[in-house]
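Student: I am new to this structure and would like a close look at a single part of it. Please take the second largest pocket and say what lines it.

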Amino acid sequence: MDAATQALFREDAYLSTAEGTVTGINERGGMVLDRTNFYATSGGQPGDTGFFERADGSRIAIAGTITGQTKDEVVHLPAPDAARPEIGETLVLHIDWARRYKLMRMHTACHLLSVVCPYPITGAAVGEDESRVDFDLPDASVTKEGLTAEMMALVTANHPIFTQWIGEDELAANPGLVKSKNVRPPAGSGRIRLVCIGAEASVDSQPCGGTHVSETQEVGEIHIGKIEKKGRENRRFRIRFGALPT
């Protein structure tokens, strides 16, 4: 099963409900649709959960969403014992919006951390209540208090967040856009999606396929909960919601 899915979340991260038609079902029950608002696990961000609504009002619970043979194939994983739809059946797709929105806020917070801590990123994982970003950082001169204050300054400034597409040749001409030390944006499609912060990307611009809020104040109050040493030059920063504990 190898079929491209129109990824509606790439253009509208706030699309909590959409309609799609089943184009394939694999041997494990994973469903591919012609279009979806469900984000598939990628780039450290977990895939969406939720449910599909059938014409008779019954529901098919979705326990997770992953990519298939290619990044353009989105596979929706049903919960155990969930019903299977028919090929060609049109469904209404409902993501777990409360969970998605927390992940959008957290993913945006990770971008803000990469702005105030401008070192090569060696790893990252977005979570509902805590996220982590690992940096190639030779010293521990940064502090939780200082980084938290700088991140919150970006949050309260309420910078706009938007996406734009550039050609692969443009990215090659501007290698500094890529902050990850080990992972390069997928090539071959001819274009790269950038997530930009600030008017005319004045705060940040970097390749990313994830979902984010539309302005920084939506992130809410966040803080650096912990800084861990993970190697001679590797530091792990944990981002959490809420104020920095005193």
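Tutor: A strand here is a DSSP run of at least two residues in state E, and strands are numbered from the N terminus. A residue lines a pocket if it has an atom within 4 Å of one of the pocket's grid points. The model is a predicted one.

The second largest pocket has a volume of about 160 Å³. Its lining is made up of 15 residues, and those closest to the centre are Ala13, Ile161, Thr163, Arg193 and His212. Two elements each give two or more residues to this lining: strand S11 (161-167) and S12. S11 supplies the largest share, 3 residues. Sorted by class, the lining holds 7 nonpolar, 4 polar and 4 charged residues.

Strand S12 (191-197) also leads to another part of the model, since it is among the elements that give two or more residues to the largest nonpolar core. The others are helix H1 (97-116), strand S10 (130-136), helix H2 (144-156), strand S14 (222-231) and strand S15 (234-241). H1 contributes the most to this core, 8 residues. The core has 31 residues, and the members that touch the most others are Leu113, Phe135, Ile222, Phe237 and Ile239.

Ile239 shows what such a member touches: beyond its neighbours within four places in sequence, its contacts include Met106, Ala109, Cys110, Leu113, Val133, Met151, Ile222 and Ile224. Asp129, Glu130, Ser131 and His223 are also in contact with Ile239. A second core, separate from this one, has 10 residues, including Val22, Met31, Phe38 and Phe52.

Note on methods: Residues are numbered from 1 along each chain as its sequence is written. This is a predicted model: local features need pLDDT of at least 70, side-chain atom pairs count only at pLDDT 80 or more; totals for chains, interfaces and linings use all residues. Side-chain values use heavy atoms; hydrogens and water are left out. A nonpolar core is a set of buried Ala, Val, Leu, Ile, Met, Phe, Trp, Tyr and Cys residues joined through side-chain atoms within 4.5 Å. Buried means under 20% relative accessible area, exposed over 50%, partly exposed in between (1.4 Å probe, protein chains only). Helices (H or I, at least four residues) and strands (E, at least two) are DSSP runs, numbered from the N terminus. Contact means heavy atoms within 4.5 Å. On a 1 Å grid over the protein atoms alone, a cavity is a set of points where a 1.4 Å probe fits but cannot get out, and a pocket is an open set with protein on both sides within 12 Å along at least five of seven lines; lining residues have an atom within 4 Å of a point. Grid points are joined across faces, edges and corners, and a volume is the space filled by probe spheres set on the points. Ala, Val, Leu, Ile, Met, Phe, Trp, Tyr, Cys and Pro count as nonpolar, Asp, Glu, Lys and Arg as charged, and the others, Gly among them, as polar.
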